[in-house]
Amino acid sequence: MNAVNENMKVVFKKPVSFEGKEYTEVDLSGLENLTTSDLIEADKQFSTSGQFSVMNEVTIGYAVIVAAKASSKPIEFFEQLPASEGLKVKNMVMGFLNA
């Protein structure tokens, strides 16, 4: 099974527990429906969180904000992922934004 598949799902190596529910993947196909306004809001949220980058789209903090907007999951879901899974999410978001 691929870590990231063609359906824009990030598949976890092992189940992740969040708020009493087990997840084996997260669907980021909602990236396709984001608007420029969504990205502006993500920029604002990134800045007000105290994070800074010359290129927001290459940071994990920004990717988490965008992933939350693209999915039905809160930011906290992505923040508590194991590091390797968080990097998969970041790479998918970054790849989508830079395509």
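## Starting at methionine 8

A residue counts as buried when its relative accessible area is under 20%. Methionine 8 comes in at 14% relative accessibility, so methionine 8 is buried. Keep in mind as you look around that this is a predicted model.

Methionine 8 sits in the segment before strand S1, which covers residues 9-18. Its backbone has a quirk, too: methionine 8 has a positive phi of about 60°, although it is not a glycine.

## How far to trust the model

Confidence averages a pLDDT of 90 over the protein chain, and 94% of the residues score at least 70. Residues 1-5 are another story, with a pLDDT below 50. That stretch still has 11 contacts in the model beyond near neighbours in sequence. Where pLDDT is low, though, the predicted coordinates shouldn't be read in detail.

## The S1–S2 hairpin

Next up is the hairpin made by S1 and S2, with two residues between the strands. The two strands run antiparallel and pair over six bridges. At one spot along this pairing, phenylalanine 18 stands opposite lysine 21 in S2.

Glutamate 19 belongs to the loop between S1 and strand S2, the latter spanning residues 21-27. Here's another non-glycine with a positive phi, this time of about 50°. Is glutamate 19 buried or exposed? The cut-off for exposed is over 50%, and glutamate 19 has 72% relative accessibility, so it counts as exposed.

## A cluster of rings

Searching the whole structure turns up five aromatic pairs. One of them joins phenylalanine 12 and phenylalanine 77: the ring centres are 6.4 Å apart and the planes meet at 40°, so this pair is tilted. Because phenylalanine 12 lies in strand S1 and phenylalanine 77 in helix H3 (residues 75-79), the pair ties together parts that are 65 residues apart in sequence. Phenylalanine 12 is buried, at 6% relative accessibility, and phenylalanine 77 is buried with a relative accessible area of 0%.

Phenylalanine 77 also pairs with tyrosine 23, and this time the arrangement is edge-to-face, with 5.1 Å from centre to centre and 75° between the planes. Once again distant parts of the chain are linked, with tyrosine 23 in strand S2 and phenylalanine 77 in helix H3, 54 residues apart. Tyrosine 23 is buried, just like phenylalanine 77.

Which residues do the ring pairs link into a cluster? They are Phe12, Phe18, Tyr23, Phe77 and Phe78. Phe18 is the residue we met earlier, opposite lysine 21. There's a charge in the picture as well: lysine 73 lies over the face of phenylalanine 77, at 5.9 Å from the ring centre.

## Alanine 70 in helix H2

One more stop is alanine 70, found in helix H2, which runs over residues 60-70. Its relative accessibility is 10%, so alanine 70 counts as buried.

What is alanine 70 in contact with, leaving aside its neighbours within four places in sequence? The list is Asp27, Leu28, Gly30, Leu31 and Leu34. Of these, Asp27 falls within strand S2 (21-27). Lysine 13, on the other hand, is 57 residues from alanine 70 in sequence and 21 Å away in space, going C-alpha to C-alpha.

Note on methods: Residues numbered from 1 in each chain as written. Predicted model: local features only at pLDDT ≥ 70, side-chain atom pairs only at ≥ 80, totals over all residues. Heavy atoms only, no water. Helix = DSSP H or I, 4+ residues; strand = E, 2+ residues; numbered from the N terminus. Buried < 20%, exposed > 50% of the residue type's maximum accessible area, 1.4 Å probe, protein only. Pairing = 2+ DSSP bridges. Contact = heavy atoms within 4.5 Å. pLDDT = per-residue confidence, 0-100. Phe/Tyr/Trp six-rings, centres within 6.5 Å; stacked < 30°, edge-to-face > 60°. Lys NZ or Arg CZ within 6 Å of the ring centre and 35° of its normal.
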